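Here are a few exercises to work through with the model open beside you. Try each task before you read its solution.

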Amino acid sequence: MKHYCSEYSLNLNEPMGGTAGHAKHFFFITWPKTKWGQKAFQDSDGDWTSQYSEWKDIQSEIHGEILTRLIQNPKQSVSEGLKIFAYPEEVLYESIPTEAVFEVLENHLKGNYKTYLPKALSSNKQLFVCTHGRHDQCCAKFGQKLFDTLRESIPDTDSSIEIWESSHLGGHRFAPTVLDMPSGKMYGRVGPSLINALLYEELPIELHRGNVFYPAWLQVVELEIRKYLKDRQLNGEIQITQDAFPTKNSFEAYFRLKEKPEVNWKLKLHQQEFGGPNSCKELSADKPRLLWVKDNIEEIRIDN
């Protein structure tokens, strides 16, 4: 008998492409996991966190969609002040008192740096693993195990990679979920056997949920093109040859390789409904979701 929504999703063969949370601005703020609420911010233990949701709604209207997550690392102490990672700018704010969080965020969004100045990231890769058990059991069971294994797999002397526990990243039915920054790549169903690939190589494309800097349909376009070219051992710079946007439930994208201009391809997508539970708290509930999936890819020869 299945006890976790991630087991249901895997059994239903639900595709993960196009399920990465998309936003224009991303902030990751250190805050002890013991203070995270079920909704991370609204019911978290802290004066500044309870004000965050209302602040985000106002600022998103001005600056574009904002996505913020609480993060923890056992080495981080709140007494030292908070850390704030900001993407896509790839900068870090350190030693921020809680009463200055919104000041720092607003100045960052305005590009108007005052008291607290951003620093370049000291590491090449930051991995955020969802371990938010109060939000969903899958993240506690599968995410925590992945995080602990990752930490044990990185030598203390390796400062090129940072591993963080994160509040809800979305898509806990794909647990364990991981967000790789600053690349923006979101992954799901990352098992322990894939630790080395996650850290130092490349995960199988089937485990890619999409790039968080792209909307859902463009995430799927990118992933399907990459799958197609990899299967045919084709390499090179991908070029989308026509600007296009999805209609209500279908989409066509034309692409080619810069090094092979005589061949174009047409990718056709459509939206398909997938059911199954959305969380471990509602295993008996069917929550239909519309996801973008591939129809086909057609080769188009360009005659000179």
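**Exercise 1. Find which residues of helix H4 are buried, and decide how enclosed the helix is.**

This is a predicted model, so you are working from computed values.

Step 1. Go through the helix and pick out the residues under 20% relative accessible area. In H4, the buried ones are Val101, Phe102, Val104, Leu105, Asn107, His108 and Leu109.

Step 2. Set that against the length of the helix. Seven of the 10 residues of H4 are buried, so the helix is largely enclosed by the rest of the structure.

Step 3. Look for what does the covering. The cover over the buried residues of H4 includes S1, helix H2 (47-50), H3, S2, S3 and S4.

Step 4. Look just past the end of the helix. There, Gly111 takes a positive phi of about 70°.

**Exercise 2. Classify Glu103 as buried, partly exposed or exposed, and find what it touches.**

Step 1. Place the residue: Glu103 is found in helix H4.

Step 2. Apply the cut-offs. Partly exposed lies between 20% and 50%, and Glu103, at 35% relative accessibility, counts as partly exposed.

Step 3. List its contacts, leaving out residues up to four places away in sequence. Glu103 touches Thr115 and Tyr116.

Step 4. Check the spacing for one of these. Glu103 and Tyr116 are 13 residues apart along the chain, and their C-alpha atoms are separated by 9.0 Å.

**Exercise 3. Work out which elements build the largest nonpolar core, and which gives the most.**

Step 1. Start with the members. The largest nonpolar core has 23 residues, of which Trp48, Ile84 and Ile96 touch the most other members.

Step 2. Map the core onto the fold. At least two of its residues come from each of strand S1 (25-30), helix H3 (52-63), strand S2 (66-72), strand S3 (82-87), strand S4 (91-96) and helix H4 (101-110).

Step 3. Find the top contributor. H4 gives the most to this core, with five residues.

Step 4. Follow one member outward. Beyond its neighbours up to four places away in sequence, Ile84 touches Phe27, Phe28, Ile29, Val91, Leu92, Tyr93, Ile96, Val104 and Leu105.

Step 5. Look for another core. A second, separate one has 20 residues, including Ala197, Leu198, Leu199 and Leu207.

**Exercise 4. Decide whether His63 and Leu199 are buried or exposed, and name their contacts.**

Step 1. Locate them. His63 lies in helix H3, and Leu199 lies in helix H6 (residues 195-200).

Step 2. Read the accessibilities against the 20% limit. His63 is buried, with a relative accessible area of 16%. Leu199 also counts as buried, at 4% relative accessibility.

Step 3. Collect contacts, again setting aside neighbours within four places in sequence. For His63 these are Lys24, His25, Leu109 and Lys110. For Leu199 they are Lys125, Leu127, Leu150, Ser153, Ile154, Ile161 and Ile163.

**Exercise 5. Compare the radius of gyration of the protein with that of a compact globule.**

Step 1. Take the expected value. With 304 residues, a compact globule would have a radius of gyration near 19 Å.

Step 2. Take the model's value. The protein has 20 Å, which agrees.

Step 3. Add the wider picture. The protein has seven helices and 14 strands, and 50% of its residues count as buried. Among contacts between residues at least 6 apart in sequence, 64% join residues at least 24 apart.

Definitions and conventions: Residues numbered from 1 in each chain as written. Predicted model: local features only at pLDDT ≥ 70, side-chain atom pairs only at ≥ 80, totals over all residues. Heavy atoms only, no water. Helix = DSSP H or I, 4+ residues; strand = E, 2+ residues; numbered from the N terminus. Rg over C-alpha atoms; globule rule 2.2 N^0.38 Å. Buried < 20%, exposed > 50% of the residue type's maximum accessible area, 1.4 Å probe, protein only. Contact = heavy atoms within 4.5 Å. Core = buried A, V, L, I, M, F, W, Y, C linked by side-chain atoms within 4.5 Å.
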